[in-house]
Amino acid sequence: MSAEASASSMTAVSGPVPHSACQDTGEHGITIRGLLGSKYVKLNVGGSLHCTTVQTLSKEDSLLRSICNGGTEVTIDSEGWVVMDRCGRHFALVLNFLRDGSVPLPDEHRELEEILKEAQYYRVQGLIQQCLTAMQKQKDVYESVCRIPMITSAKEEQRMIATCRKPVVKLQNNRGNNKYSYTSNSDDNLLKNIELFDKLGLRFNGRVLFVKDVLGDEICCWSFYGEGRKIAEVCCTSIVYATEKKQTKVEFPEARIFEETLNILIYENGRGSGPGGLALLDSSQSEEEGASGGDRRVRRIHVRRHIMHDERGHGQQTVYKD
């Protein structure tokens, strides 16, 4: 049943208005103080029509009780509707709270804020507290969630890194991009790299943007960005040249990865661009590769790229060749 139908079925919902309660007569109705002579009340809240009782409106020490007992003036139109200049979208929820003492609240944060504003306007303290509790629960759940973006294109990666104000740590992980078999412990080390990425993401959530790239050429490579440019890189893969075949080896340089993650925090909140910020970072690490001239160079840390095993009868010698 619509509000209009409910209103029409109640011929005397507002009851008689005491003449002594009238203050003045205007074009749109009369302004009165108090509704104590009425049992039922018809409310027109911003065009939304509601029918209720004085007893319901008086349950809490609110603006609505003040309207009923004469503490606040209200306007009644020619049809007996109490006119309130307020949006009526959430007024039914306010009434249901006064009737039942609690109401189910929506999950959407913006709607919660709107309901809170209405509860504050009507000074319904119980509903205000319920809204604040629900918003705090949403905030706690949101802050405990760590979201890791997944890179799907090179343009998306460039745009994300260029516009992000926080330091960025990217793990390039593409196990399928390999034409050789893996060494016996490579799978374990690859999983350890992924596990470390997840742990760092949880530990520095909110301070560093962690992203995963599953489309790149590298099987396992860490990249560290500050102020939109790459600062350091840790490549964890190498090619092992055995006697009869080549294999891909995945390393797990945990200490180096953790160190570079801590170094990238220098660029948090733009601190890397301050006096001595870059000098502090550049002086703490040696740079193996980089651009010439005035361009800033990138610290690249790679494991030994080519390893040759010389198998002999009484043992095994390993010769490293860079």
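This briefing walks through the salt bridges, nonpolar cores, a surface patch and some strand pairing in the structure above. The model is a predicted one. Across the whole structure, 14 salt bridges turn up. There is a nonpolar core of 31 residues, the largest, and apart from it sits another core, of 25 residues.

**Salt bridges within a helix**

- Let's start in helix H5 (residues 109–122), which holds both Arg 110 and Glu 114, 4 residues apart, or about one turn of the helix.
- These two form a salt bridge, with their closest N and O atoms 3.9 Å apart.
- Arg 110 is exposed, at a relative accessible area of 58%, while Glu 114 comes out as partly exposed at 25%.
- The pair also belongs to a wider network of salt bridges that links Arg 89, Arg 110, Glu 111 and Glu 114.
- Helix H9 (residues 254–264) has a pair with that kind of spacing too: Arg 256 and Glu 260 are 4 residues apart, about one turn of the helix.
- Their side chains meet in a salt bridge at 3.6 Å, N to O.
- Here Arg 256 is partly exposed, with a relative accessible area of 28%, but Glu 260 is buried, with just 2%.

**A salt bridge between helix and strand**

- Glu 157 and Lys 170 bring their side chains together in a salt bridge of 2.7 Å, N to O.
- This one links distant parts of the chain, 13 residues apart: Glu 157 belongs to helix H7 (residues 154–163) and Lys 170 to strand E8 (residues 168–173).
- Glu 157 has a relative accessible area of 13%, so it counts as buried, the cut-off being under 20%.
- Lys 170 is buried as well, at 5% relative accessibility.

**Nonpolar cores**

- In the largest core, of 31 residues, those with the most contacts inside it are Leu 43, Leu 64, Met 84, Leu 105, Tyr 122 and Leu 127.
- Plenty of elements chip in: strand E3 (40–45), helix H2 (54–57), helix H3 (63–69), strand E5 (73–76), strand E6 (82–84), helix H4 (91–100), H5 and helix H6 (125–144) each supply at least two residues of this core.
- H4 gives the most to this core, with 6 residues.
- Leaving aside residues up to four places away in sequence, Leu 64 touches Leu 57, Met 84, Phe 91, Val 94, Leu 98 and Tyr 122.
- The other core, of 25 residues, lies apart from this one and has Val 169, Leu 200, Cys 236 and Tyr 267 among its members.

**A nonpolar patch on the surface**

- Met 150, Val 214 and Leu 215 make a nonpolar surface patch of about 260 Å².
- Val 214 is found in the loop between strand E10 (209–213) and strand E11 (220–226).
- With a relative accessible area of 35%, Val 214 is partly exposed.

**Strand pairing around E14**

- Strand E14 (residues 246–250) runs parallel to strand E9 (residues 181–182), and 2 bridges join them.
- On the E9–E14 side, Tyr 182 has Thr 248 as its bridge partner in E14.
- E14 is also joined to strand E13 (residues 237–241), this time by 5 bridges and with the strands antiparallel.
- In that pairing, Thr 237 stands opposite Val 250 of E14.

Notes
Residues are numbered from 1 along each chain as its sequence is written. This is a predicted model: local features need pLDDT of at least 70, side-chain atom pairs count only at pLDDT 80 or more; totals for chains, interfaces and linings use all residues. Side-chain values use heavy atoms; hydrogens and water are left out. A salt bridge is a side-chain nitrogen of Lys or Arg within 4 Å of a carboxyl oxygen of Asp or Glu. Buried means under 20% relative accessible area, exposed over 50%, partly exposed in between (1.4 Å probe, protein chains only). A nonpolar core is a set of buried Ala, Val, Leu, Ile, Met, Phe, Trp, Tyr and Cys residues joined through side-chain atoms within 4.5 Å. Contact means heavy atoms within 4.5 Å. Patches are made of residues with over 30% relative accessible area and no salt bridge: like charges are joined within 9 Å, nonpolar side chains (Val, Leu, Ile, Met, Phe, Trp, Tyr) within 5 Å. Accessible areas come from the Shrake-Rupley method with a 1.4 Å probe; for residues, only the protein chains shown count as cover. Two strands pair if DSSP finds at least two bridges between them.
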